[in-house]
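Hello,

The structure we talked about is below, followed by my notes on it. Please read them with the coordinates open.

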Number of protein chains: 2
Amino acid sequence: MRIPIQVSEENREPIYHQVETQIKALIVGGKLPPGTPLPSIRALASDLGCSVITTRRTYQNLQADGFIQTIQGKGTFVREMESTRMEKTKQKVVYEAFEKAIQQGKQVGFSKEDMKAIFSTIIKKNFTNGG
Amino acid sequence: MRIPIQVSEENREPIYHQVETQIKALIVGGKLPPGTPLPSIRALASDLGCSVITTRRTYQNLQADGFIQTIQGKGTFVREMESTRMEKTKQKVVYEAFEKAIQQGKQVGFSKEDMKAIFSTIIKKNFTNGG
DNA sequence: TATACTGTATATATAAATATATACACATAA
DNA sequence: TTATGTGTATATATTTATATATACAGTATA
């Protein structure tokens, strides 16, 4: 199986982390349903032009986070997960990002109205022509 | 001048960055108006129990970001800045945090209603009993 | 000038993050 | 069994982040 992943050398972010983030998004976004086999660490490494150890690390981290399951000799697969758990994961990720944004706002003395305004602006920008 | 800064050893975040963040917040939040002298790198180092090089680095970064100005032999001061520029800086920081949160949401397929709900929840949580 | 403050520059130590090579072990199918 | 696919473990290289000591240079004031 071939999955759409792009890594950038220029990006300061390390390879293993770029890949991790992208695979997480594919899984949580439903593009890779539970049970889907991921490319082998060697295939992925060859594809990305990095070492096997790096792809291995990526998969280890994803496994630690509960997104995938690796079985020695067989391969690596998107982990079976009830839709409720998947939903919770999605919620959590986005919730935390908003929490952080609002903390930022509070720290510099913004009122909730200030933040509502900013939120609305960005929502509009992001959901015009295709939302 | 003594400014209220707390660094934590347990925090994974490096000292220079903890201090940087806190001073930025004090400036942008208006607690340290333009022209205010900051403690000397030595005084601050002694206060925090770290080396002068570390506090020096903190100030260099803050200067690079345009928040303070250091003059050899005289000291380090909060940079003169028109209130509009200050306001823009505040806006930018918070704006970017929200942008990121909303991108996260989009990536996992959240609608704008989904995100509004999350936003409202967190706003309520943060502005009840003291907002 | 002498003293005691300021910031600056150079060289260095240490730890953590990142990436690797290579040999090993399990699974499966010819 | 043999060949070839999968993941695993150990040891290691390299770079970046973090923090430091110490000697230097500008500023102000007694």
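Protein surface at DNA strand C, and the core

Keep in mind that this is a predicted model. A polar side-chain atom of Ser40(B) lies 3.4 Å from a phosphate oxygen of DNA strand C. Two further pairs also involve phosphate oxygens of this strand: a polar side-chain atom of Arg12(B) at 3.3 Å, and a backbone N or O atom of Ile15(A), likewise at 3.3 Å.

Elements from both chains give two or more residues to the surface near DNA strand C: from chain A, helix 1 (15-28) and helix 3 (52-64); from chain B, helix 2 (41-48), strand 1 (68-71) and strand 2 (75-78). Helix 3 of chain A has the largest share, with 3 residues. By class, this surface holds 10 polar, 7 nonpolar and 6 charged residues.

In total, 23 residues surround DNA strand C, and those that come nearest are Tyr16(A), Ser51(A), Ile53(A), Arg42(B) and Arg56(B). Of the strand's atoms that come within 4 Å of the protein, 67% belong to sugar and phosphate.

Now the protein interior. The largest nonpolar core has 64 residues, of which Ile23(A), Phe98(A) and Phe98(B) touch the most other members. Helix 4 (residues 83-107) of chain B gives the most to this core, 6 residues.

What is Phe98(A) in contact with, leaving aside its neighbours within four places in sequence? In its own chain, the partner is Phe119(A). In chain B, the partners are Phe98(B), Ala101(B), Ile102(B), Met115(B), Ile118(B), Phe119(B) and Ile122(B).

Regards

Terms used:
Residues numbered from 1 in each chain as written. Chains lettered and ligands numbered in written order. Predicted model: local features only at pLDDT ≥ 70, side-chain atom pairs only at ≥ 80, totals over all residues. Heavy atoms only, no water. Near = heavy atom within 4 Å. Polar contact = N/O pair within 3.5 Å; in protein donor to acceptor, adjacent residues only side chain to side chain. Helix = DSSP H or I, 4+ residues; strand = E, 2+ residues; numbered from the N terminus. Nonpolar A, V, L, I, M, F, W, Y, C, P; charged D, E, K, R; others polar. Core = buried A, V, L, I, M, F, W, Y, C linked by side-chain atoms within 4.5 Å. Buried < 20%, exposed > 50% of the residue type's maximum accessible area, 1.4 Å probe, protein only. Contact = heavy atoms within 4.5 Å.
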